[in-house]
Structures are given as structure tokens and as C-alpha cells.
Amino acid sequence: MSFIHPLALLGLAAAAIPALLHLLQRRVPPEIDFPPVRYLSAAERESARRLRLRHLLLLILRTALIVVIVLAAARPLVRVTGVGGGGAHEPTALVVILDNSPSSGAVVDGRLVLDRLRVAAHSSIGRTTSADRVWLMLSDGVLRGGTREALLATIDSTRSGWQRLDLVQAVERAARLVEAQPLPGREVHVLSDLQNTAVATGRATVARGVRVLATAPGRAVANRGIAAVSVSEGAAVISLRGSSAGSDEPVPPPVPVTIRIGAGRRGEVAARGLGTGGVSGAAVTVSLPAQTLAPGWWMGEAQLEPDELRADDRRPFAWRVAPPARVMATPGGGAGSFVAAALAVLQDGRRIAPGRDVVISGGEPLAGARAIVLPPEDPALVGQANRALESRGVLWSWGQPGTPGPVVASGGGVPMLNGVQVVKRYQLQGAGTSGEQGAAEILATVNGEPWLVRAGNVVLLGSRLDTAWTALPASPGFVPFVDALVNRIVAGAAEVDQAEGAPRVEFQTRGSDTIAATVYGPDARESDLTPATPANASAALGGRDRAEVLDADRFAAERFSGTRRADISGALLVLALLLAAAELGVATRTR
Amino acid sequence: MPPGPQRLDLLDPADVARLGGIEIVAEGVVEGFLAGVHRSPFRGFSVEFTEHRAYQPGDELRYLDWRILGRSDRLFVKQFEEETNLRSMILVDASRSMAWHGTPERLTKRAYADRLAAALALILLRQRDATGLVTFDEQVRQVVPARVKTGQWSRIVRGLLETPDGQGTAAHAALQRLTALLARRGMVILLSDLLFDRELALTALRYLRHRGHQVIVFHLMDPAEVELSGPPEVRFRDPESSVSVVVRPRELARAYADTVRREVAAWRKACRRHGIAYHHVQTDLPFGMALRLLT
């Protein structure tokens, strides 16, 4: 039980008044001569038991009357059970998590998802009282305190943002906050579209006594979004991501993708391609007429046809066009026939030119040139090749043969390597640093072991670029990979970084030179609008004993239900009236 | 004197008492009382018809002369004259409890008893009965032997006036002494609040009855002794024994009234069992009404 006006309980001291009056009144009664005292004594003897009971009953009734009136003045709140969103509640620490991540901008049934969430958030905070402590968390993860009115104003002004919200982490933080509050009630209200990807990162730790209530996601809708755009020499690879909303279409319709490079400047290029619709992980490769672009940094944008979620329908990208590298392969076919063929293609496309700036060799680096070194085909020459590397100051070397596996690109702008199977390789071993060569950079791995490494102006591969070693030469990304190797990677050109935020491109400059670019866009996981099942969501948001995923009506009913209280002052006043009537009856009854 | 009936015996005793001393009051009461009766109130004694007089409203129908009514169609009532030699002794309780009244506007029980005793004595003397007086509290205070000679009433009144309010009441002792004073058979009238041990008092009264006396008891009570009232809480003290008790009159009123009723009923029952006439009289009862109890 709690009280709205607990200070009124000080009035309970008045409960002693009847007893005190009883004692004080008995002290000094007036004295009167009365001859038939013997009759009085007899009457009192006969009535003594009844009078004692009556006095005791009156004392109890009067004391109870005062206690009940004081309690009614203190406005007691008692725990009530049953469904219903009304009534008061005990002071509660509440965090309202309003998920305004990009996915909240989806339109479902003609209405923004965020609008539905905002109404629920408004209602949750609107139900709080001055005795509650309330915070609001948006997808930026910031816990906002303040008055109820201020938070309501914040909710009203909230729009869909560009930051993804990891609900597991958000709930965990919110639960820690409310758990630290010295209030009887602790609740976290999660108002989110409950994307599967938002609750797939683990399970939130929620302390006992903290209730996590989440609104059930609405109807699932199909969506296609651009997860990433990578532009390499001669081609743009657009990664798509989305959700199918459970449609049973055997063959998803193709997705038209439009690429614009250099919008608003001379030499603007536009290209279109078709991707496989609605399948996460799908990619569209659009060939670019690179020869038309002058050297320098270029910006572009990929666009999809508008759908229910507009935030992921366009994504900018940046690309640096460099002068063609002058490349040669070592005589005697040390680099292999596939490399020679790729170089021929690049030369035909004017992506490279003959020369000795970059040398691709089969184990023996050339002094004074940027080198791309493949392991020698003959295992007996591996030692000689390692010594050659060492003599050049490269601390990396080929070791024992490694296990087969897929390539995982870990940076360097070589996404075309992802998933390419490697069947034969040497383990690349090295300290990774060299005082002379500078920091080494691992650009790709196989089974967690380095497979593509750049150390200064030398790039080492763990496998030869041959179909007997890897499937890469037979994949469509082989020529772009060779292009990236000779034009960018071996030269140590800066990558284009990706960051989460409103779609835009920011350049980094050093002096008058632009050295890097950062491309902002929504997190690709926002495109997958597949909602989590209630069971999975409640398990991720604290466990099924702490978290509940409820539809709108039940959410409204369950809010503060753990601490819901009914004001029983009215009932107490009725009880006080009954006690007063009983007291009056007993007091006026003379026998 | 307030307007109303002219018969003093029917007025409020306190109002009548304001007219003067005991003699005046008693004479006035007796005059009024005798005007309303037609024979001796004390039945069982010799009476003779004297004359007729015209009927007045209020006259008892049993004294209507039916023969005259049948002959002349006029209403006459018969009047009688007693011839008696009754010896009567009036015993007045003068204990301290008798000197109490519930409100100053009422007579004390003693004052009421004195005036009633004087009136009784006057009636008895007028019908030529030898009448005497004994006052007592713990002991016999005044004794006026029963006589019928001139000046006897004055002696009785003086005996009443010269008896102060006593302290305690040990009536049975005084009553036992009285048995020796009442050697000849006659009538004994006791005026008391009976606030003493009932069994002991009854023993003495039974003895008188056994000696052939006609015994009449007037149990006097102030109305405030019948209905308990007072402040919310009060300490009541017995003026004779100084015993006190703290009560809330409102709480105890009904139980007290029941106790009083039981006490009166017990006295009445005990007296009837022994052939003693018992009359419960409150001190606001007009004297005439009290006297009429004897008829």
C-alpha cells in the first residue's frame, strides 16, 4: 500500500485522543450527594460487564473512526488485479524506448509505423504522474530525462532517424537505469517494429523486478533496399537487402537499379541494371564506362523504385578514378595465364598501360617497383621466394599449406572476394609490421588466416590466381579484383569508409588533396523488415519471465499493472460513516 | 399561589409548602381533603349517618342516595360522622437521607413527610382518634404519646419541628424500641425513604403486626431517586455512609430504574405478605393524593 499524501499519516497520532479523553474524563468527575447509592451500586454490579464491553467497543469504534478518516485523507493506493488500464499506480521508474530507426519510416496500411509507435509512447508517458521518474530513449540511444510535458513534446517532434537501434542493448541499458531507481515500480516500454535483426544480437540482462513490455509488431511488409554500393574499376556492385513479407512468389520480380555518377558535373554517367528482387544478399553488378571519367574523386547514387520503406531506396557512394597504372607480369608466366588474360582485358579497357610501375610475379619480387607477389607454383621454390621477400624488407612469408575455405574480405575495398572458394594456399606468416615498410594490412582471410596482405608497396597472396588454387579467376569479380590490385591496393590508395547516418558523402582532405571519403547511409539491416516472433522477441528482451510482447490493447492494460493501485479513500470514507453510525448507535443506546 | 384548583390537597406539595408553616399547610390540606371524602378514610371503624347534601361534581357515586333520586329526581349524597377511639402512632424517619431533594424546587423527603404526618394527625384527631408521634434516625428522637385531648396536634407539630435532621438510619433498632411504646393495639403509620436493611426493618414491622397493630408504610422517594440523571460522569456519594460510586448516569439510567422498580416491588411484596399496607409516594405527589391512598 502506498499513499498519495503520506504526510497526512501524521494525523494517526490523533487516534490516541479517544483513549486520552477516556482517561482524562475519569479523573475528576463532579461529586453529588445521592442517598440511594445502594441502588446505584446494585445496578452497576449488574451492568458492569455490559458497560465494560460498551466502553471498550466505543473506544475501538472512535479510535477506528479517527484512523479511517486519517487514512482516507492520506489517499491510500492498494494493489488491484484484473484487466484495465485505468487507475493510479505506485511511483514507477519508466524508460520508454521509442524506436525511430529508419525502418520506422515504413508505411503499413497507409500509416507510418512511427506514428503508431508514437501514439503508444505518448500514452505511456501520459499515464505517468509526478511521482514517477521517466526517461525517453530514441534510436540514438540517448536517455532523455525531464518533465512529462517535455518528453511528450519530444515524442511529438520525433521523426524517423537514420540510426539503427539495437533493442537488446537498449533494453539492457534501460533496465539497468530503472533498476537503480529507489521506486516501487520499474518498467521499460519498448515501442518498436521489433525487426528480427534488432533482437538478434543476444539476450538482454534484465534484473528481477523490472518489467519489459513491448508492443507487438504490425503486419509484415515486403521491402527492398540498397544495403551497400561498391564501385570498383569498371563496375558498380549494388548489394540488395530486404524482406519478402512471407510472399509465396516462386520467382521474385526483378529489381531495377539506377546508378548516377557525377551528378551535376560534366561527364555525368547514368547506368541501369536489374537485380534479383527481395532476396537478402543479392547483388547487382553494373558495368561503368570508366574511360569516360576523368581522374579524381567521383560521387554517385544508386536508386531503387520507391516502396514501403523509402529510407533505403537510395544510397550514395564515392569513387576515386586514378590514372591507369603501368603494369607488367614477370616474364615466363610466373603470374599465370589468368592474370595475363586479365591484364590484357584491362589494357584493352585502358585501365592499365604497359610499364614497370607494378610488377606481378610468381614468387620473386623485383627491386624498386610496386610488387604483387603470388606464391611460386613449385613448392621447392617457396624458400627462395621467402628469402627474396626478406631481402626486400618484407617480414611476411609463405608457410605451410593451409586448409581450403572461402575468402572473407576484411577491408581494402575488395568485396568481390567474399565467398570465393580457395582450394589450395599457403599460410601467410609474418610480424605484420616492418619499420621500413610501415604497417602491414590484412585485406582478406581464409579460415581466419591471412590470405591477402599488403606490406608497404608489396602485396602478397596466399594462393596463385589459378583455377587449380582458387575459383577467383573464374568469377565475374576477377578482372575488377586485378584492377583494384594494380590500380589501388598496391598503391595504398585510401578506402572509402562506410558510416551510419543520413545519406551523404563526406571527404577528408590533407592540404589541398582529398585523401579519403566517408559514405553515410542507413544500416543495411534496417531493410529487413521481417518482424521477430513474440517468443523470440520476449526471449531477447530479457526472458519470458521479464519481458512480454503484447498487442496494443493488452499493452495498454498491462502498463503499470504490476504497480497499479486503486485509491480507496472513498471506500474508507464510507467505512468512516458506518463507524460513525455504529458509534452513535452504541453511544446513545442506554442498555 | 398559582392559579388553579383551590383545594390545597391537590396542589404541588412545594407550592403548598410556600404558604406557611406545617400547621397552615396541614390544615389547608386536610380541609380540602375532607371536602372530597364522605366518610372516614380509615375503614373498619364505627361510622354514623349525619345528613344529606347536594351532589357536586367529583363526589363518589357510591355515596349517592338512590332513594331520593328515585323519589325526587334530585342528586344528594350521604354524609357520615365517625365515632371511634382509634390509637394511632405516626413514625417519621428523620435520618440524613431524608433531608435530600433532587432539585431545590422540590420539598425534601423530610419536609414532605413532616407535612404529611401533620395532616394525617389532624385528620385522626378530628375524628377523635388518639394520635401520637415518634421521630427517629439511629435512635428515637421525639416521642409524643397518643392523646386525643385539645392541643395534641400542636404538640405533634412541635415534635416534628424540634426533630433535627439525623445522621444515619438504623430503623430496626428504633422500631424495636417503638414496640415497647405501643403497648395498646392501634394503627402505626411509618413515613420513611426505607434506605435501610429491608429484612431487619421488616422484622420490627412484623412484630408490630403480630402485636395486632394495623401498619401502614409510606415509602417516600424523590423523583430524582427514581429516574437517574446528571452530568455525563459523576461521583454519587451516600450522605449517610459516605460511600461513593462513579457512574455515567446516561449509561446506567435504565439499569438503575430497573433496580428501583425491583426494590419497590420487593417492599410491596414483603409488606403484603405480612399484612402491611405499603404505599410508594414520590415527593411531587400532592398531599391529598397521598392521603387518598389510605381510603
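Start by selecting α2 of chain A and α9 of chain B: these two helices lie oblique to each other, since their angle falls outside the ranges for roughly parallel (under 35 degrees), roughly antiparallel (over 145) and roughly perpendicular (65 to 115). Helices here are DSSP runs of H or I with at least four residues, and strands are E runs of at least two, numbered from the N terminus.

You're looking at a predicted model, where local features need pLDDT of at least 70, side-chain atom pairs count only at pLDDT 80 or more, and totals for chains, interfaces and linings use all residues. Residues are numbered from 1 along each chain as its sequence is written, with chains lettered from A and ligands numbered from 1 in the order in which they are written.

Stay on the pair: α2(A) spans residues 37–73 and α9(B) residues 249–273, and their axes come within 8 Å, crossing at roughly 130°. Those axes are lines fitted to C-alpha atoms, for helices over the stretch in contact, with angles from 0 to 180 degrees between N-to-C directions.

Now show side chains. Among the residues that meet are A:Y39, A:L40 and A:L51 from α2(A), and B:L252, B:Y256 and B:V260 from α9(B); contact takes C-beta atoms, placed from the backbone, within 7 Å.

Next, pick out the open three-stranded sheet, ordered β2(A)-β8(B)-β9(B) with mixed pairing; strands pair if DSSP finds at least two bridges between them. In chain B, β8 (residues 234–237) runs antiparallel to β9 over four bridges. Click B:V234 and its bridge partner in β9(B), B:V247. Finally, bring α2(A) back: α2(A) packs on this sheet, touching β8 and β9 of chain B, at about 50° to the direction of β9(B).

Terms used
Two residues are in contact if their C-beta atoms, placed from the backbone, lie within 7 Å.
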